[in-house]
Amino acid sequence: MPAGTRHQPLVSICIPAYRCEAFISATIHSALGQTVDDIEIIISIDGGPPPPALEAFRDHPQVRILTPPVRLGWVRNSNYVLGKARGQFFMLLPHDDLLAPSFVEACLNVLVREPACFAAYSDIATAQGLMRATEVRGTTAQRVQHVMCNLYGGYSFRALMRRHPEQWHLLELIPNPPTDFAVDSLWIMQQSRFGELRRIPQALYWKAFSETSVHARWAHVPPAELLEAWRNHCLQMGHLARTLVGDDALVSAMVTHRLDARRVHDAPHYLKALIGAGDRPTGTRRSIELAVEKRAAVPRCGRGACERRPTQGMV
């Protein structure tokens, strides 16, 4: 992430935006309303000129409004705006979500207190209820195994993270064309490379679920295309896991496990139903156990461990 010539802020809040007129003002106000003052807000407007709602922030000293020269799509636009961050800490804020005033402060407290923590995030409030986030702790191998076997929900997609400019290329979002299905889930694995992912057990974040959102569109991807997108996602996860763990037998077993989305915590119901039409793979749990037993750095995967659903306050 290139450094600018101005004062380096403590925190960068990066907002990739697209067709955002109806809600961008509220999102920016929530970012400006943090109890931490030393914040910059960077907004990248994809696919056209800034909407009129942004005129009120044009001259704000904490706000930068960017307009990429070409249409990028949400993955490339996210990378574009993240690449403009200058803060010691940074986060990605979708254009229709809201932060409670203490969100950044609470995340900073965790990051300062816990040197092993790379990313901190809170539970998420929605119109449908509370989403209790999960944590990712332990050694690199333990973190990789937990993400591969258990996680889909992108809680840490909305985390405040430590910024490592020299290693930014390792954290760029990786496309999954043509739909970019589950790119946010892969980002959890990318984050786990750098350290633990810690939960704040309070709902300090509001997530909107609009009918035009990326996640809503994924639910309508044709079945064959969706299955191929999930397969490619699992292979992407496996490729990254191999670079972090280096145990082919273990990673192959975890990829096989993940391919059956019914075993993955928070995987979308439409994907689980689609996969449920076929036979569930057999012998996967034991293959993971055997691979883990051969690797001293990873504790033995006990009976049902890779299917265990995370509970509040637990990894």
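Asp266 is partly exposed in this predicted model, with a relative accessible area of 33%, and the residue is found in the loop between α8 (248–259) and α9 (269–275). Although Asp266 is not a glycine, its phi is positive, at about 70 degrees. Most residues other than glycine have a negative phi, and most peptide bonds are trans. A second residue other than glycine with a positive phi is Arg19, where the angle is near 50 degrees. Arg19 belongs to the loop between β1 (11–17) and α1 (24–32), and it counts as exposed because its relative accessible area, 70%, is over 50%.

The loop between α8 and α9 also holds Pro268. Is Pro268 buried or exposed? Pro268 counts as buried because its relative accessibility of 11% is under the cut-off of 20%. Leaving aside neighbours within four places in sequence, Pro268 is in contact with Tyr152 and Phe181. Pro268 and His215 stand 53 residues apart in sequence, while their C-alpha atoms are 9.6 Å apart in space. Another proline, Pro178, lies in the loop between β8 and α5, and the peptide bond that leads from Pro177 to Pro178 is cis, with omega near 5 degrees.

The relative accessible areas given for single residues can be set side by side.

| Residue | Relative accessible area | Class |
|---|---|---|
| Cys14 | 0% | buried |
| Cys117 | 1% | buried |
| Pro268 | 11% | buried |
| Asp266 | 33% | partly exposed |
| Arg19 | 70% | exposed |

**Overall make-up**

The protein has 315 residues, of which 54% count as buried, and its secondary structure comes to 10 helices and 9 strands. Among contacts between residues at least 6 apart in sequence, 76% join residues that are at least 24 apart.

**The nonpolar core**

The largest nonpolar core has 94 residues, and the members that touch the most other members are Ile13, Ile43, Val104, Leu160, Phe181, Met189 and Trp230. Which helix gives the most to this core? Helix α7 (residues 223–245) does, with 9 residues. For Ile13, when residues up to four places away in sequence are not counted, the residues touched are Ala31, Ile39, Glu40, Ile41, Ile42, Met91, Leu93, Leu99 and Val104. Phe181, one of the core members named above, is also one of the two residues in contact with Pro268.

**Aromatic rings and a charge over a ring**

The count of aromatic pairs comes to 9. One of these joins Phe157 and Trp187 in an edge-to-face arrangement, with 5.2 Å from centre to centre and 65 degrees between the planes. This pair links distant parts of the chain, since Phe157 is in the loop between α4 (140–150) and β8 (160–162), whereas Trp187 is in helix α5 (residues 183–192), 30 residues apart. Both Phe157 and Trp187 are buried. Ring pairs also link a cluster made up of Trp74, Tyr152, Phe157, Phe181, Trp187, Trp218 and Trp230. Tyr152 and Phe181, which belong to this cluster, are the residues that Pro268 contacts beyond its neighbours in sequence. Elsewhere, Arg71 lies over the face of Tyr18, at 3.9 Å from the ring centre.

**Cysteines**

How many disulfides does the count give? The count comes to 0 disulfides. Cys117 is in no disulfide, and the nearest cysteine sulfur, which is that of Cys107, is 8.8 Å away. That distance does not meet the criterion, because a disulfide requires sulfur atoms within 2.5 Å. Cys117 counts as buried, at 1% relative accessibility, and Cys14 is buried as well, with a relative accessible area of 0%.

**Confidence of the prediction**

The mean pLDDT of the protein is 86, and 86% of its residues reach 70 or more. Among the elements, helix α3 (residues 103–113) has the highest mean pLDDT, 98, and helix α10 (residues 284–293) has the lowest, 46. Over residues 1–5 the pLDDT is below 50, and this stretch has 12 contacts in the model beyond near neighbours in sequence. Over residues 280–315 the pLDDT is likewise below 50, and that stretch has 76 contacts in the model beyond near neighbours in sequence.

Technical notes. Residues are numbered from 1 along each chain as its sequence is written. This is a predicted model: local features need pLDDT of at least 70, side-chain atom pairs count only at pLDDT 80 or more; totals for chains, interfaces and linings use all residues. Side-chain values use heavy atoms; hydrogens and water are left out. A nonpolar core is a set of buried Ala, Val, Leu, Ile, Met, Phe, Trp, Tyr and Cys residues joined through side-chain atoms within 4.5 Å. Buried means under 20% relative accessible area, exposed over 50%, partly exposed in between (1.4 Å probe, protein chains only). Helices (H or I, at least four residues) and strands (E, at least two) are DSSP runs, numbered from the N terminus. Contact means heavy atoms within 4.5 Å. Rings of Phe, Tyr and Trp (its six-membered ring) pair if their centres lie within 6.5 Å; planes under 30 degrees apart count as stacked, over 60 as edge-to-face and the rest as tilted. A charge sits over a ring if NZ of Lys or CZ of Arg is within 6 Å of the ring centre and within 35 degrees of the ring normal. pLDDT is the predictor's confidence in each residue, from 0 to 100.
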